[in-house]
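Welcome to the tour! Open your viewer, switch to a cartoon view, and get ready to select a few pieces one after another.

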Amino acid sequence: IYLVPEIALTGQVVEAASRRFGSRCAVIHSHLTPSQKLSEWRRILSGEAQVVIGARSAVFAPLASLGLIVIDEEHESSYKSGSSPRYHARQVAMRRCAAEGARLVMGSATPSVEAWSLMEDGAVERLTLTKRLSGGAPPAVEIVDMGGEEGAISGRLADAVRETARLGGQSILFLNRRGFSYFFRCRSCGAEIRCKNCSVSLTYHKDRNALVCHYCGYRVAPPKACPECGSLDVGYSGFGTERVEEEAARLFPNLRISRLDADSTAKKGELEKILADFREGRVDLLLGTQMVAKGLNFPRVKTVGVVLADTTLNLPDFRAAERAFALVVQVAGRAGRFSPDGRVIVQTYRPESAVIRLAAAADLPRFYALELGARRELDFPPYSRLIRIVFRSKERERATAAASDFARAAAALVPADAEILGPAECPIGMVAGTARWQLIFRAAKMGALHGALSRLLAEWKAPPGVRIETDVDPVNLM
C-alpha cells in the first residue's frame with residue numbers, strides 16, 4: 001500500500017508505479033465514483049491488484065498478504081480524518097503492519113515532531129537520503145523582509161522570476177490563502193465584515209465579486225460603504241492567491257501564468273490539466289496554495305517564492321510552528337530538483353523568527369530540538385497524549401453548560417495523573433451557526449484515560465440540541 005496525502009499527488013505516483021508494475025496497480029481515493037471504487041476493491045480482493053495507491057482511506061485496502069505500507073509525506077495532517085471515525089492513517093498502518101507482519105516505511109523531508117522524537121529514542125529506524133536522487137542540489141535560500149515592500153511580490157522575487165524565465169526555467173509562487181484578500185475593513189471605524197454563521201472574517205473573491213466564508217460557504221456582495229458607520233473609506237486587507245495572480249499578471253505580462261487552489265480546480269479535470277500544462281512547459285509561473293507545496297516533481301522549476309511565510313505562525317495551536325516550518329521547507333524543496341541552480345525566496349514580516357530562519361536554512365536538528373524543548377516544557381505531544389471533546393449547539397448557552405457538566409462528571413472519573421483543560425470556547429467559536437466549546441484531556445499514557453472517558457461517554461446523556469465530537473490524538477485544536 002502506497003499512501004499519498006493529497007489526491008493531487010496520486011497521478012504522478014500512479015504513473016511511476018504503473019511503469020513498474022503495470023496492471024497490478026489499483027487506485028483508491030474519494031474522487032472515484034462508487035462503481036469505480038467497487039471495481040478497484042474487487043481487483044484487490046481477487047489478488048489481481050497487488051499494489052494499492054491512494055489517499056488516507058487506502059490504508060484499509062483488503063490485500064490478502066500485506067507486505068509493505070509506504071506513507072509518503074508522513075507529517076501531513078490530511079492523514080487524520082476530520083469526521084467520524086476520526087482515525088489517523090499512520091496509526092492504522094502501524095497497527096496493520098504489527099498485526100500482519102508487514103514493513104512500514106514513512107517518508108518526509110519534514111517528519112512530524114512525534115516521528116522525530118521516536119527516531120531520537122530509537123523506536124523508529126532513521127534512514128537518511130544524502131542526496132537528491134534526480135541529480136539536483138539543495139537550493140540557495142534567501143529571506144526577504146516585507147516591511148518596506150508595497151505589494152505581495154517583492155522586487156527581489158520579481159527579479160528572480162524574470163531571470164528564471166529568461167533562462168527558460170519555471171517558477172512556483174506559494175501562498176496558503178485563497179481569494180483576493182482575506183478581510184474587508186473600514187478605515188474610518190475599523191469595522192470588519194465577519195461571517196454571520198462563523199467566527200471568521202469573510203474573504204473577498206474578486207472573480208466572483210463576493211465576500212465568502214471558507215467554513216460554511218456563506219456569501220454576500222461587497223458593500224460600497226461601511227455597514228457600521230456609513231463611511232466610504234473602505235477596502236481590503238491582506239492578500240490571497242487571486243490578488244497574487246493579478247499582481248503577477250501585471251509584473252510579468254509576457255509569462256504564461258496558472259493558479260492552483262480549491263477555487264481554480266473546482267471543475268472536474270481542471271487540476272490534472274493545470275499540472276499537465278506546467279509539467280509540459282505550457283505554463284511559466286504556477287502559483288497556488290498547499291497543492292503546490294508538496295510532492296510535485298517538475299524538472300524545470302528553478303525558482304520558488306514563498307509569498308508570505310507567516311500565515312500559520314500566529315494560529316492559537318501548539319502545532320503552529322511545526323506547520324509553518326514544514327510548509328516553508330516543503331515548498332522550497334520544489335526548486336532545483338534536477339539541477340544545482342535552484343533558488344528560493346522566503347518573504348516574511350517576521351525575518352527575526354527562529355522558525356522562519358531555521359526553515360530557510362533547512363536546519364532540521366535545531367528546529368526539532370527547539371520545538372521538542374517547548375513541547376516538553378508545556379507538556380504537549382509527544383510528551384503527553386490528548387483527547388479533545390467538542391460540544392456543539394445552535395445555542396451558545398447549551399454548549400457552554402454541556403461542556404461544564406461533562407467536565408464536572410469527568411473530574412470524578414479520570415485518573416489522578418490526567419489533566420482537564422477547559423471548558424473553553426474553541427478558537428473558532430462559531431462554525432455554520434453552531435457554537436463550539438471544548439474540553440481537552442491530557443495524560444502521559446492513554447490507556448486509563450481512554451477507558452474512563454469511553455465509559456463516561458457511554459453513560460452521559462447529552463442535553464437536547466447538543467452534539468458531541470470526540471477526537472483521540474487530535475492534530476488540530478481550532
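Start by selecting residues 2-3, which are strand S1, and residues 51-54, which are strand S3: the two strands pair in the parallel sense over two bridges. Keep in mind that you are looking at a predicted model. As a general point, strands of a sheet pair through backbone hydrogen bonds, either parallel or antiparallel.

For a close-up of this pairing, click on Leu3 and then on Gly54 in S3, its bridge partner.

Next, bring in the whole sheet. What is the order of its five strands? Reading across, you will find S2-S3-S1-S4-S5, in an open sheet with parallel pairing. Now colour strand S2 (25-28) and strand S5 (103-107): these are the edge strands, and each pairs on one side only.

Stay with the sheet and add residues 34-46. This is helix H2, which packs on the sheet and touches S2 and S3. The direction of H2 makes about 140 degrees with that of S2.

Now move along the chain and select helix H8 (residues 320-332) together with helix H10 (residues 364-378). Their axes come within 11 Å and cross at roughly 170 degrees. Angles over 145 degrees count as roughly antiparallel, so that is how H8 runs relative to H10. The crossing of H8 past H10 is left-handed.

Which residues make the contact? Show side chains for Ala321, Glu322 and Phe325 on H8, then for Leu364, Phe367, Glu371 and Arg375 on H10. Try colouring them by class: the contact of H8 with H10 has four nonpolar and three charged residues, with no polar ones.

Key. Residues are numbered from 1 along each chain as its sequence is written. This is a predicted model: local features need pLDDT of at least 70, side-chain atom pairs count only at pLDDT 80 or more; totals for chains, interfaces and linings use all residues. Side-chain values use heavy atoms; hydrogens and water are left out. Two strands pair if DSSP finds at least two bridges between them. Helices (H or I, at least four residues) and strands (E, at least two) are DSSP runs, numbered from the N terminus. Contact means heavy atoms within 4.5 Å. Axes are lines fitted to C-alpha atoms, for helices over the stretch in contact, and angles run from 0 to 180 degrees between N-to-C directions. Angles under 35 degrees count as roughly parallel, over 145 as roughly antiparallel, 65 to 115 as roughly perpendicular and the rest as oblique. A crossing is left-handed if the near helix is turned anticlockwise from the far one by less than a right angle, and right-handed if clockwise. Ala, Val, Leu, Ile, Met, Phe, Trp, Tyr, Cys and Pro count as nonpolar, Asp, Glu, Lys and Arg as charged, and the others, Gly among them, as polar.
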